[in-house]
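Here is a friendly walk through one protein chain, meant to be read with the structure open beside you. We will go from single residues to sheets and back again.

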Amino acid sequence: MKNILPYIMVAGEVHNSASSTAEAMQPVWEKAEDLHLNTVLAPVTWEMLEPTEGTFDYTAVDMLLAGAREHKMHLVLLWFGAWKNAQCYYAPAWVKQDLTRFARAEVEPGKPKTSLKQYHGMGYTTLSAFCAETCRADARAFAALMAHLKQGDSAEHTVLMVQVENETGLQGAAREHSAAADAAFAADVPADLLAYLKANTAEMTEDVRTAVENAPTSGDWQTVFGGVAEEIFSAYYTASYVEQVAKAGYNAYPLPLSVNCWLNRGQVPGQYPSGGPVARMMEVWQHCAPHISVFAPDIYQKDFCDVCDEYVKRGNPLCIPETAPHGHVGPRLVYAVGHYHALCFSPFGFEDMGASQDAPDAAALAMFGIDTSDPLLITPQSVPEYAFYADAIRGLMPQLLNAYGTNLLQAVISERPDDMTMNFDGFAIHTMMNHPFIPRKDGVCMALQTAENEFFVLCNACSPVVLSTDPAKPNVDFLSLEEGRFVDGQWHTTCRLNGDEVAKMMYNRPTLLRMKLFAY
């Protein structure tokens, strides 16, 4: 896995409506500075960009560019076009009102809107992935946005990446049931898709792999793919739609493009948006949408590390555009960078970070894919601690990027208690987190080897122990141990540690160390 940018986005995503005005964004920029972020993820909505068909208004886009530059931030823009959370909230009025020209998806035959029984009867409607007219209009607007960015930002590169749509897919059913969708489902599976899937089964989810390996070489979707047919069908047409939008934008301005997804939490397609770029459909999406460089999970689940594991397959760089800003989000930032060599880590609604958290409204949040059984949701993240982690990573960024893709950069976290040792060339760092003198349970430790016997260590809620891995030199001493931070790119020692602080290395607050070792 290689990073697609020479940059680590220590980022935060704003609440959906914050990017609509400069007034709403002002406290957001200030919070981003408080948290030491270097990148803000912010929506650009189709309804505001093209309020009248063919007439484009770039006021909100230019406001975001100006604000980011003023506050020395980068941007990832989120194109809220046909899809936002598997619905069409941000389509312009002229699209929403013309149901003949811009067809709605039919969860039930003949019905442009339905009720989601699994979500307490919530009303649901979205635009159809099978409507060529919608796709053309969406692609035209996205291309206009990208052309505007090329004209106004190609020199400064404020915008690093653009996300195409938001959490695409269909809820309420595994596939659309319009006449057009039914006809497509009854047609033969495209030969190029089937050949690609059969040639790329190594990292497939088990049930998808079994279906693909056992699939005949031709036939309609149900005949070929059996029990996973409807989801693969939906993924094929959704990804093909997104590819047309992405290609139009990329041709106007070739920035890296991403898609994000509402996760599958062991549910059936349609409970989570069917056809979206979930990990089990990544092979379909990579075939159908070659202009998409990054497939990104929105993580609101307890099994954070397991989700990350799923999204680094097939060379995909880990990019987390949304995750809950609760009390473990700081350690997860460190772990994402140190273990997964992440491209981007971005808590959602970061402007609320640190606020007291009430018990979640389970019914409301579950409708948007959030695991409300997670006890961490009511635990706020300390803003000063998150800012420390972010500042440390930003200070170390040149060295971190040099170590990306190697074992010179490793990390461990309390969420994986069976994996507490980082093995380097000549040395190992074993980290104790379940310790009677460490009351916190949000432990993390990231280690970066910068020379044969030199390391930076960013840690909290743990006790790191340095070991030799050379049988001929089994003993280890510290030649130096410093606590500090980076200031204007240079290491600044805040305390030279020795004596008791070397004998008992135990940390109950975020700490950045530089150590030099001697094995004998």
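Helices here are DSSP runs of H or I with at least four residues, numbered from the N terminus. The model you see is predicted, so please read every value below as computed from that model.

**A buried phenylalanine**

Let us begin with F304, which lies in helix 12, residues 304-310. Is F304 buried or exposed? Its relative accessibility is 0%, and buried means under 20%, so F304 counts as buried. Its contacts, leaving aside residues up to four places away in sequence, are I299, I320, T323, R332, F345 and E415. One of these, E415, is 111 residues from F304 along the chain, yet the C-alpha atoms of F304 and E415 are separated by 8.5 Å.

**The parallel sheet**

Now turn to the open sheet of 9 strands, whose order is 9-11-1-2-3-6-7-8-10 and whose pairing is parallel. Strand 9 (319-320) and strand 10 (322-323) stand at its edges; each has a single partner strand, so one side of each is left without a neighbour in the sheet.

Further in, strand 6 (residues 159-166) is a good place to pause. It pairs with strand 3 (residues 74-84) in the parallel sense over 6 bridges. Strand 6 also pairs with strand 7, again in the parallel sense, over 2 bridges. If you would like to find these pairings on screen, the table lists some of the bridge partners.

| Residue | Bridge partner | Strand of the partner |
|---|---|---|
| L75 | V159 | strand 6 |
| W79 | V164 | strand 6 |
| Q163 | S258 | strand 7 |

How many residues of strand 6 are buried? The count is 8 of its 8 residues, and the strand is mostly covered. Helix 10 (residues 229-252) lies across strand 3, strand 6 and strand 7 (257-262), and it runs at about 150 degrees to strand 6.

As you look along the sheet, it helps to recall that in a regular strand the side chains alternate between the two faces of the sheet.

**Two residues with positive phi**

E165 lies in strand 6. Although E165 is not a glycine, it has a positive phi of about 65 degrees. With a relative accessibility of 0%, E165 counts as buried.

N85 also has a positive phi, about 55 degrees, without being a glycine. You will find N85 in the loop between strand 3 and helix 4 (93-96). At 9% relative accessibility, N85 counts as buried.

**S128 and the largest cavity**

Next, look for S128 in the loop between strand 5 (122-124) and helix 5 (132-153). Why does S128 count as buried? The reason is its relative accessibility of 5%, because the buried class covers values under 20%. The side chains of S128 and E176 are joined by a polar contact of 2.7 Å. Besides E176, S128 touches A103, R104, A105 and Y241, not counting residues up to four places away in sequence.

E176 appears again at a cavity. The model holds 5 cavities of 30 Å³ or more, and the largest cavity has a volume of about 100 Å³. Of the 14 residues that line this largest cavity, A129, L170, E176, S234 and T238 are the closest to its centre. Which helix gives the most to the lining of the largest cavity? That is helix 10, with 4 residues, the helix that lies across strand 3, strand 6 and strand 7.

**The antiparallel sheet**

Finally, there is an open sheet of 6 strands, in the order 12-15-16-20-18-19, with antiparallel pairing. Its edge strands are strand 12 (409-413) and strand 19 (490-497), and each pairs on one side only. From one strand to the next, the twist averages 30 degrees.

Within this sheet, strand 15 (residues 444-451) and strand 16 (residues 454-460) run antiparallel and are joined by 7 bridges. For a landmark, V444 stands opposite N460 in strand 16. Helix 15 (residues 383-403) packs on the sheet and touches strand 12, strand 15, strand 16, strand 18 (476-487) and strand 20 (511-519). The direction of helix 15 makes about 155 degrees with that of strand 16. Helix 13 (residues 329-340) lies across strand 12, strand 15 and strand 16, running at about 145 degrees to strand 12.

Technical notes: Residues numbered from 1 in each chain as written. Predicted model: local features only at pLDDT ≥ 70, side-chain atom pairs only at ≥ 80, totals over all residues. Heavy atoms only, no water. Buried < 20%, exposed > 50% of the residue type's maximum accessible area, 1.4 Å probe, protein only. Polar contact = N/O pair within 3.5 Å; in protein donor to acceptor, adjacent residues only side chain to side chain. Contact = heavy atoms within 4.5 Å. Pairing = 2+ DSSP bridges. Axes fitted to C-alpha atoms, helices over the stretch in contact; angles between N-to-C directions. 1 Å grid on protein atoms, 1.4 Å probe; cavity = no way out; pocket = protein on both sides within 12 Å on 5 of 7 lines; lining within 4 Å. Points joined across faces, edges and corners; volume = space filled by probe spheres on them.
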